[in-house]
Amino acid sequence: MTDDDRGDPRRPDPDALLALADKDRRGKLIVFLGAAPGVGKTYAMLSRARRLRADGVDIVVGLVETHGRSETAALVDDLEVLPRNRISHRGRVLEEFDLDAALARKPAIIIVDELAHSNPDGSRHPKRYQDIEELRAAGIEVWTALNIQHLESLADLVGQITGIVVRERVPDVVLKRADDVLLVDLPPTELIQRLKEGKVYLPESASRAVDRFFRLGNLTALRELALRRTADRVDDQMVDYLRQNAIDGPWATGERLIVCVGADELSTRVVRVASRLASGLNAPWIVVSIERADRELETADTLRQLEALFRLAEQLGAETRRVIGQDYVEEILKLAKREHATQIVVGVRKRGGLSRLLKRSLPDELARRAAGIGVHFVTADRPEKSARKIPLHALSAVGLPRSTMIAATFVAVATSTGKLIDTIIYLPNISLVFLLGVLGSAAIGGHVSALIAASLSTLAYNFFFIDPLYTFTIAAPHEVFALFVFLAVAIISGGFASRIREQAKVAGTRATALQSLYDFSRKLAGTDKRDDAIWLAVSQLQASLKRPVVFLISSSGELSVTAAWPPDTELDVTDMAAARWAEARREAAGHATGTLPNSRFQFRPLLGPHGIVGVCGIAYDKDDVDPASERSLSAVLDQTAIALDRARLSEETIQQAAQLEGERYREALLSSISHDLRTPLATITGSASSLIELGDKMNSESRRDLLQSIEEESQRMSRFVANLLDMTRIEAGSLKPKQDWVDVADVVHSTVERTRKYAPNRQIETRVAPSLSLIRGDSVLLGQVLFNLLDNAIKYGGHDPVTVYVRQDDDEIVISVTDLGRGIPAEELERVFEKFYRRGKADGRAPGTGLGLSIARGFVQAMNGSIHAESPAVRKRGTRIVMRFPAAGNADMVAT
C-alpha cells in the first residue's frame with residue numbers, strides 16, 4: 001500500500017471491513033423486536049420461516065412459545081421442530097431448548113424464541129442469549145424475539161413507566177451486534193383489543209394484564225422506546241455501510257463520553273442513563289472509578305458493588321477504567337483530555353443547605369473546571385446522606401468496647417501523668433498531656449477511639465484540673481472557652497492521627513501485595529521452563545487465595561491437568577467441559593460465569609502475546625474472591641501467561657535451531673554426495689565406456705590402467721557408503737562393538753599395509769613400543785578408525801611422511817597419527833570432529849565428506865576410549881590425532 005492509498009478519502013474503513021469479515025465467519029442473528037407481548041413477533045417469525053421452507057431453505061424450530069395462541073401454533077405444523085431437553089428444576093420437570101441437539105443438527109437457520117429467557121440451574125449457560133451466541137459461533141443463523149422492556153439499559157426507565165421491575169434482561173451489546181433488527185409493531189389500542197379478546201393471554205390472565213401492564217400510556221411509551229431503538233440500529237447499519245464502501249455520508253459525530261461512578265446506588269442509574277445517551281449519540285463511552293491513593297474502599301461489599309457496576313457497564317457496551325489519584329476532578333479531566341472526550345456524565349444527589357455550605361461537591365467542581373467539555377448531571381431522588389460514615393466494624397459488639405477500652409486507658413494514663421506533674425510543678429498547659437492521649441488512642445484504635453478519648457479527656461480535664469476541682473462546674477468563663485477549644489483541637493488532631501494510621505495501614509497492605517508480586521515476577525523471570533513457571537504460579541495463588549488451584553495445558557490437542565494444589569485435586573466432567581470452553585472461546589467459564597456456572601471451579605484462559613497458552617482453574621468452595629485478591633489474581637495470571645508464552649517460544653527456538661542444524665547437515669550431505677559420488681561415477685563410467693568402445697584397439701597396458709581406475713573409484717565409493725552407514729549406526733545408537741582382547745600392534749600393522757595399497761606414493765612410518773598390553777574392544781572398528789585417521793592425514797599432510805606412534809602410558813594404550821601439514825587453528829580443534837566439517841587444502845578445495853573424524857570419535861567412545869586433536873604437532877606445524885584406551889591388567893586377562 002502506498003502513502004497515496006492511505007490518504008485516499010475514498011478508501012474503505014479497514015476497521016469496518018474487519019468487522020464485516022468477522023460477521024461472515026459467524027452465523028447471523030435476526031431479532032424480531034416488539035414493544036410488548038402479543039404484537040406478533042413469534043407469528044411474524046413463523047410466517048417468514050414457512051415461506052423460506054417452501055423455497056427449500058434448511059430451517060428448523062429449536063423452541064417456540066405459543067402461549068396457547070392457536071393461530072400461532074398452527075404455523076408450526078409444517079416445520080421441523082427439534083425435541084426439547086427435559087431438566088429437573090426445583091422439584092419440577094421443565095422442557096427447555098436443547099442446545100446440543102441443535103448443534104448436532106446444525107441447520108442453516110434455527111428459530112429460538114424469547115431471547116431474554118433465563119435457563120434453569122444445571123444448564124450450560126444461565127441465559128438463552130448465551131446459547132444463541134454458541135449457535136452463531138458454530139455458523140448457524142438464529143432468529144429470535146425480544147420485547148423492548150428486557151434491554152438492560154432501559155430497565156430502570158421501564159420500571160418508572162410501568163411500575164413493574166423487569167427481572168429477565170439482555171445486555172444491549174447483544175442487540176447492537178445483531179445482523180438485523182425487524183420491528184414488529186401494533187398500535188396500542190389494537191393490542192389492548194387483542195388482549196380483551198383472549199388472543200394474547202387466557203381470559204383470567206388478560207384482565208389482570210390490562211389493569212397492571214397493558215395500559216394505553218404504558219404501551220405508547222414502550223412503543224416509542226422500540227421505535228427509537230430500531231431507528232438507532234438502522235442508523236448504525238447505515239454508518240457501517242458508508243464506511244465499508246468509502247461513501248461520503250452522515251458519519252458519526254465523533255462524540256466520546258466519560259462516565260464517573262462510585263460504589264453507591266446512584267451509579268447504577270448513572271450507567272444506564274449514560275448507555276442510553278451513548279446509544280443516541282452513537283458514541284463510545286468509558287466508565288471510570290477514581291480511588292484515593294492513600295486509602296482503600298472501606299469494605300469488601302463496596303468493592304463487590306463496584307465490580308458488579310463495572311460488569312453492568314461492560315454488558316451495556318462500555319469500556320471500564322480504574323484510576324488512582326488524590327484530586328478526583330483533576331484525574332477525571334486528565335482522562336477526558338487523554339481520551340478526547342466531549343462529554344462527562346456524573347451523578348448528583350440532592351444535598352441539604354448545611355452540606356452545600358460546608359464543602360463543594362464533585363459535580364460542582366467539574367462544572368467549574370471543565371472547559372470545553374459538556375457535563376451531564378444525573379440526579380437522585382433522595383437527599384444525600386452523611387458524607388463520612390463511621391466504619392460498621394468499629395460500632396460492632398467487639399469493635400465498640402475495644403475502642404472504648406483503648407480510649408479509657410489512654411485518658412487514665414494522661415490523667416495520672418497530669419496529676420503527678422501538677423504535684424511537682426505548676427504547668428499552665430497541662431491539657432497537652434491529654435492531647436497526647438487522644439493521639440495515642442487514634443493511632444491504635446482509629447476514629448471511634450479518638451472521638452471517645454477526646455470526650456473523656458474533656459471531662460477528665462474539667463474534673464481534675466479546672467476550678468472548682470472534682471466537680472464538672474466551671475467557675476471562670478474563660479475556662480469554658482478553653483475547654484471547648486481543647487475539645488475541638490482534640491477531635492481534629494485525633495482525626496488526623498487516625499487518618500495517618502489508616503494511610504499507613506493501606507500503604508503497608510499495598511506494599512505487601514506489591515512485594516509479593518515483585519518476588520513472584522523475579523522468580524518467574526529466572527525460569528525459562530514451562531513446568532517451573534506453572535508450579536511457581538500454583539504456589540503463589542494457593543498461598544494468597546487459600547483455595548484449590550489447577551493449571552491445564554493442551555498437549556497433542558487434548559487439554560489435561562499439568563499442575564494442581566492440593567495434588568489430589570480432581571476435575572469432574574462439568575469442570576473439564578468448562579475448562580475446554582475457556583480454552584476454545586478464550587473467555588472465563590465455570591463458576592459465576594455465563595457458561596457451566598454449576599462447576600465449582602472458575603476457569604480462565606491464559607492469554608499470552610502470541611495466543612492462548614493454557615487454562616487456570618480457581619475453586620470457589622467457600623466465598624467468592626474479594627476484589628482486592630481478584631486484582632492480584634489477574635496480575636499473577638497475566639505474568640504467568642507471559643512466562644509460559646516465553647517458555648513456549650524458547651522451546652520453539654530450540655526446535656527451529658535443531659531444524660536449521662539439520663538443514664545444514666542435510667545440505668552438507670547432499671553437497672558431499674553430489675561431489676563424492678559424481679567424481680568416481682564419472683571416472684567409472686568413462687573408463688567402462690572406453691573399454692566397451694575401444695577395448696579391441698587399446699593395448700594391454702591402457703586397458704589395465706582403465707580397469708585399475710574402475711577398481712580404485714569403486715573402492716572410494718565403497719568407503720563413502722560405508723562412512724554413511726557407520727554414521728547412521730552411531731546416531732541411531734545401534735553401534736554395539738565387540739569386547740574381545742585386541743592386540744593394538746597387529747591392528748596398526750595391518751591397517752598401515754592396507755593404507756599403503758590405497759596410497760602407494762605416500763610414506764607412512766610406524767613406531768610401536770614393545771610389550772604392549774591388550775585392550776578390550778573391536779579390532780574391526782579400531783582398524784576402521786586408524787584407516788580414517790591415516791586417510792585424513794594423507795589428504796591434509798602435504799608430501800611429508802605420516803607417522804603412527806603406539807606406546808603404553810601407565811594403564812592406558814596411546815595411539816597417535818601425526819602429519820606435517822599446515823595444522824589446525826586452536827579454535828577449530830574440536831570442530832574437526834563435527835559431522836560434515838571439512839578443512840580446505842592449500843588449493844582451496846575441501847576434499848572428502850567430513851565424516852571421517854566424526855565416525856572415528858563415535859567408534860572410539862563406543863570402545864570406552866577418548867580421542868582429541870593437537871596442533872601444532874612438530875616444529876610449529878602439523879596435526880596429531882591422539883587416542884587413548886584402557887589397558888587390560890593381568891587380573892583381567894586371568895579372569896577372562
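Strand 17 and strand 18 form a hairpin in which two residues lie between them. The model examined here is predicted. Strand 17 covers residues 601-608 and pairs with strand 18 in the antiparallel sense, over eight bridges. Within this pairing, R604 stands opposite C616 of strand 18. Strand 18 also pairs with strand 14 (residues 549-555), again in the antiparallel sense, and here the pairing runs over four bridges. In that case the residue standing opposite C616 in strand 18 is F551. C616 thus has R604 opposite it in one pairing and F551 opposite it in the other. Strand 18 itself comprises residues 611-619, and nine of the nine are buried, so the strand is largely enclosed by the rest of the structure. Buried is taken here as under 20% relative accessible area.

Nonpolar cores were examined next. The largest nonpolar core has 39 residues, of which L789, I815 and M883 touch the most other members. Both helices and strands contribute to this core: helix 25 (744-758), helix 26 (779-796) and helix 27 (852-862) each supply at least two residues, as do strand 22 (802-809), strand 23 (812-819), strand 24 (866-870) and strand 25 (879-886). Helix 26 gives the most, with eight residues. The contacts of M883 were listed without residues up to four places away in sequence. On that basis M883 touches V785, L786 and L789, and also I813, V814 and I815. The remaining contacts of M883 are with V860, S866 and I867. Two of the residues touched by M883, L789 and I815, are named with M883 among those that touch the most other members of the core. A second core, separate from this one, contains 33 residues, including L99, V112, L135 and V166.

Enclosed empty space was also searched for. Rolling a probe the size of a water molecule over the atoms shows where empty space is left. Over the whole structure, the search finds two cavities of 30 Å³ or more. The volume of the largest cavity is about 40 Å³. The lining of the largest cavity consists of A35, A36, V39, L186, P188, L191, L219 and R223. Helix 9 (188-196) and helix 11 (216-244) each supply at least two residues of this lining. By class, the lining residues divide into seven nonpolar and one charged, with no polar residue. Arg counts as charged, and R223 is one of the residues of the lining.

How values were computed
Residues are numbered from 1 along each chain as its sequence is written. This is a predicted model: local features need pLDDT of at least 70, side-chain atom pairs count only at pLDDT 80 or more; totals for chains, interfaces and linings use all residues. Side-chain values use heavy atoms; hydrogens and water are left out. On a 1 Å grid over the protein atoms alone, a cavity is a set of points where a 1.4 Å probe fits but cannot get out, and a pocket is an open set with protein on both sides within 12 Å along at least five of seven lines; lining residues have an atom within 4 Å of a point. Grid points are joined across faces, edges and corners, and a volume is the space filled by probe spheres set on the points. A nonpolar core is a set of buried Ala, Val, Leu, Ile, Met, Phe, Trp, Tyr and Cys residues joined through side-chain atoms within 4.5 Å. Buried means under 20% relative accessible area, exposed over 50%, partly exposed in between (1.4 Å probe, protein chains only). Contact means heavy atoms within 4.5 Å. Two strands pair if DSSP finds at least two bridges between them.
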